[in-house]
Every structure is written in C-alpha cells, then in structure tokens.
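Trainee: I have a model open and would like to learn how to read it. Where do we begin?

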Amino acid sequence: GNNFLVRSNPYFLANGFNVAIFGRPNDSAELEYVDRTSDAHMADVQKVLAFIKTKADLPVWVVGTSRGTISATATAIHVQNEIAGLVLTSSVVNNKKPGAIPKQELADIRVPVLVLHHTKDACPLCQPQEVPNILRGLKNAPIKKEIMVSEGDNPTGDPCAALHWHGFIGMEKEAVDTIGRWINSPTS
C-alpha cells in the first residue's frame, strides 16, 4: 500500500537494512487499535520475529508508523528480549485511542527508542505537541531521542493518511536516512 514504511522500503534497503514488513493477520479482517496490544497479537509478533531470526542472525529493530506504533510499542514492552531497538514514526498519542503510546507501560521499555514525527502532522490522533509525552514515559530506555522534521511537499487527502504530512510525503528518503543514521549510532 501507500503506508510510509511500505513505500519507503527501497530506501531502507539502500541504507543496508534487511526488511520484513508485517501484514494484517490472515485470521482477521482488520487489526483494530485494541487488538494491537493483545496477547494474541504479541504471540503473532513473536512468531514473525522467530521466523526472521532463522533468516539472519542480526539485530532486529521494530519500526512502526501511525497505528503500527501501537503494535511496535507493545512489542518493545512484551517481546523486548528479541529486539535491539524501537523506532516510532507518526505515533498515536491521543489518549482517547486504546493502546495510545503514552498510555502503554513505557517504563518497561529497556531498548533504544527513536521517535520521528512531522511538525505539520494534522492527524488528530498524532498531534506533534503531544509527542514529548512519549519520551517522558521512557524512563528506563537506555537511549531515547525525539526528532521533529518539517520537510516534504504536496500533501494530499486525509491528514491521517499516508500521502499527507502524517506519512512524510515528499521526504521519504530523508526520513529513512535519518532513521538509518540513528539506528547505526543511537544517541540521545
């Protein structure tokens, strides 16, 4: 689809990363907000991570965008012994949504965390001014970093969709290069 991470896959590959993209579970029509922190979803994630590790003995970083940040955060909380770090892009920070990042047990995360967000993200669930609440909750992450970006151009459609600022439109390569540099050398 047009999801930022999916359409940016070539840039992750160009940065030297192997990429595995999680799809929707085949036993569900949709992965709702509340499902993304469930035991069943975490069991699915563990199976995918185990499969990935059979393909290469390399550090695994979990990267989530928008709704995927809920799943990625839950993974860092419940399956963190199997990952090297966490990257959140266009994070769901509105506390009215089940699984919103600031509502999860962020103090349980003990891996490096990068939070990348667009200053013009107009999605009501992902307001830039609420992003610092994520870092405040990451009390035990050994390294944590917030990066706000403002580049890009030509946003179209729904402000919560992939082809708007929410999806880093017009700056995909720059966003992925920023993520790649940080993963290769995490600093606060």
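**Cysteines, pockets and a helix**

Mentor: With one cysteine. At 29% relative accessibility, Cys160 counts as partly exposed. Keep in mind that this is a predicted model.

Trainee: What is Cys160 joined to?

Mentor: A disulfide joins Cys160 to Cys123, with the sulfurs 2.2 Å apart. The structure holds 1 disulfide. Cys123 sits in the loop between strand S3 (113-118) and helix H5 (132-137). Cys160 sits in the loop between strand S4 (144-149) and helix H6 (172-184). The two cysteines are 37 residues apart, so the pair links distant parts of the chain.

Trainee: Is Cys123 buried or exposed?

Mentor: Buried, because its relative accessibility is 2% and the cut-off for buried is under 20%.

Trainee: Which hand does the disulfide have, and why?

Mentor: Look at the torsion about the S-S bond. For Cys123 and Cys160 it is about 95°, so the disulfide is right-handed.

Trainee: Why is Cys126 not bonded to Cys123?

Mentor: Check the sulfur distance. Cys123 holds the cysteine sulfur closest to that of Cys126, but at 4.1 Å it is too far for a bond. Cys126 counts as buried, at 1% relative accessibility.

Trainee: Now the pockets. How do I find empty space?

Mentor: Rolling a probe the size of a water molecule over the atoms shows where empty space is left. Here the largest pocket has a volume of about 1600 Å³. It is lined by 49 residues, and Leu5, Ala20, Ile21, Phe22 and Val63 are the closest to its centre.

Trainee: Which helix gives the most to that lining?

Mentor: H3, with 6 residues. Helix H1 (4-7), helix H3 (39-55), strand S1 (61-65) and helix H4 (67-78) each supply at least two. By class, the lining has 30 nonpolar, 13 polar and 6 charged residues.

Trainee: What about the second largest pocket?

Mentor: Its volume is about 190 Å³. The lining includes Phe22, Arg24, His41 and Lys47. By class, that lining has 4 nonpolar, 3 polar and 4 charged residues.

Trainee: Last, how do I read a helix such as H4?

Mentor: An α-helix has 3.6 residues a turn, so residues three or four places apart point the same way. Then check length and cover. H4 has 12 residues and reaches 17 Å from its first C-alpha to its last, close to the 16 Å expected.

Trainee: How many residues of H4 are buried?

Mentor: 9 of its 12, so H4 is mostly covered. Among them are Thr69, Ile70 and Ile77. The cover includes H3, S1 and strand S2 (85-89).

Note on methods. Residues are numbered from 1 along each chain as its sequence is written. This is a predicted model: local features need pLDDT of at least 70, side-chain atom pairs count only at pLDDT 80 or more; totals for chains, interfaces and linings use all residues. Side-chain values use heavy atoms; hydrogens and water are left out. On a 1 Å grid over the protein atoms alone, a cavity is a set of points where a 1.4 Å probe fits but cannot get out, and a pocket is an open set with protein on both sides within 12 Å along at least five of seven lines; lining residues have an atom within 4 Å of a point. Grid points are joined across faces, edges and corners, and a volume is the space filled by probe spheres set on the points. Helices (H or I, at least four residues) and strands (E, at least two) are DSSP runs, numbered from the N terminus. Ala, Val, Leu, Ile, Met, Phe, Trp, Tyr, Cys and Pro count as nonpolar, Asp, Glu, Lys and Arg as charged, and the others, Gly among them, as polar. The expected span of a helix is 1.5 Å times one less than its number of residues. Buried means under 20% relative accessible area, exposed over 50%, partly exposed in between (1.4 Å probe, protein chains only). Contact means heavy atoms within 4.5 Å. A disulfide is a pair of cysteine sulfur atoms within 2.5 Å.
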